[in-house]
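Good morning, and thank you for making time for this short presentation. Please bring the sequence and the model up on your screens before I begin.

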Amino acid sequence: RSTRRSCGARTSILDGLKQLPNLLTAARLLAAPYILYLLWTGEYRTALVWFSIASFTDVLDGFLARRLKVTSSIGALLDPVADKVLLSGSFLTLGLKGVIPFWLMVIVLGRDLLILGFAIIALTRKTRRDFPPSVWGKASTASQIAYVLFAVGYEAAITPLVVATILGWIAAALTIWSGID
């Protein structure tokens with residue numbers, strides 16, 4: 001009996017863990033409006049904490065999905081949506097407030113709109129196609145996250161401007177390159 005109970009408990013824990021990547025992605029998506037509000041109102045220290053947590057969940061949900069071998073179609077759809085809402089929203093908010101250069105906001109949002117346009121065209125076709133993220137897309141996302149962290153960190157008087165500036169140029173270059181790719 002105890003073996004059966006422990007196996008059942010192990011199975012239910014494993015089943016619960018299998019939902020964790022999608023739950024983390026959903027949490028990131030749900031936290032995005034609050035983070036954007038914090039950025040808009042200039043609550044940079046609090047926004048930095050929340051943005052850091054949300055960024056960590058992006059790494060963690062992908063790691064757990066691969067480690068637990070629980071990739072799902074909803075996760076494959078929800079993860080990039082959560083990334084775009086958080087990152088595009090952050091770039092839009094920070095660009096409109098003048099915290100980041102307007103040209104950089106245009107590059108990031110322009111690339112995302114370009115990708116969205118191609119995705120819509122692909123979805124209207126009869127044949128189903130998958131568009132797995134490229135290494136350049138992942139590098140672009142990582143550089144954008146790092147840039148937002150340091151730009152907001154600078155506004156919160158925590159990080160130096162020179163680091164944010166360098167990361168901004170790196171994010172711009174990788175965003176353009178990933179858009180071309």
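I begin with the aromatic rings, of which 4 pairs are counted when rings of Phe, Tyr and Trp (its six-membered ring) pair with centres within 6.5 Å, planes under 30 degrees apart being stacked, over 60 edge-to-face and the rest tilted. Trp136 and Trp177 form one such pair: their ring centres are 6.2 Å apart and their planes stand at 85°, so the arrangement is edge-to-face. Because Trp136 belongs to helix H5 and Trp177 to helix H6, this pair ties together parts 41 residues apart in sequence.

I should state the basis of these values. The model is predicted, so local features require pLDDT of at least 70 and side-chain atom pairs pLDDT 80 or more, while totals for chains, interfaces and linings use all residues. Side-chain values use heavy atoms, with hydrogens and water left out, and residues are numbered from 1 along each chain as its sequence is written.

As to exposure, buried means under 20% relative accessible area, exposed over 50%, and partly exposed in between, with a 1.4 Å probe and protein chains only. Trp136, at 36% relative accessibility, is partly exposed, and Trp177 is likewise partly exposed, at 44%.

Next, the overall architecture. The protein has 6 helices and 0 strands, where helices (H or I, at least four residues) and strands (E, at least two) are DSSP runs numbered from the N terminus. Buried residues make up 36% of the 181 residues. With contact defined as heavy atoms within 4.5 Å, residues 24 or more positions apart account for 77% of the contacts with a separation of 6 or more.

Which residues touch the most other members of the largest nonpolar core? They are Leu39, Phe91, Leu94, Ile100 and Tyr147, in a core of 30 residues. Helices H1 (2–40), H2 (44–67), H3 (73–96), H4 (102–124), H5 (135–155) and H6 (161–180) each supply at least two residues of this core, and the largest share, 6 residues, comes from H1. Such a core is a set of buried Ala, Val, Leu, Ile, Met, Phe, Trp, Tyr and Cys residues joined through side-chain atoms within 4.5 Å. Leaving aside neighbours within four places in sequence, Ile100 is in contact with Phe91, Leu94, Gly95, Met105, Tyr147 and Ala151.

Tyr147 and Ala151 lead us to H5, where both are among the buried residues, as are Gly137 and Ser140. The 21 residues of H5 should span 30 Å at 1.5 Å a residue, and the end C-alpha atoms are indeed 30 Å apart; the expected span is 1.5 Å times one less than the number of residues.

After H5 comes Ala157, placed in the loop between H5 and H6. Ala157 has a positive phi of about 65° although it is not a glycine, and at 64% relative accessibility it counts as exposed.

Finally, is Ser178, in helix H6, buried or exposed? Ser178 is buried, with a relative accessible area of 7%. Its side chain makes a polar contact of 2.7 Å with that of Arg111; such a contact is a pair of N or O atoms within 3.5 Å, where within protein one must be able to donate a hydrogen and the other to accept it, and residues adjacent in sequence count only if both atoms are side-chain atoms. Beyond its neighbours within four places in sequence, Ser178 is in contact with Arg111, Trp136, Gly137 and Ser140. Trp136 thus returns, having already appeared in the edge-to-face pair with Trp177.
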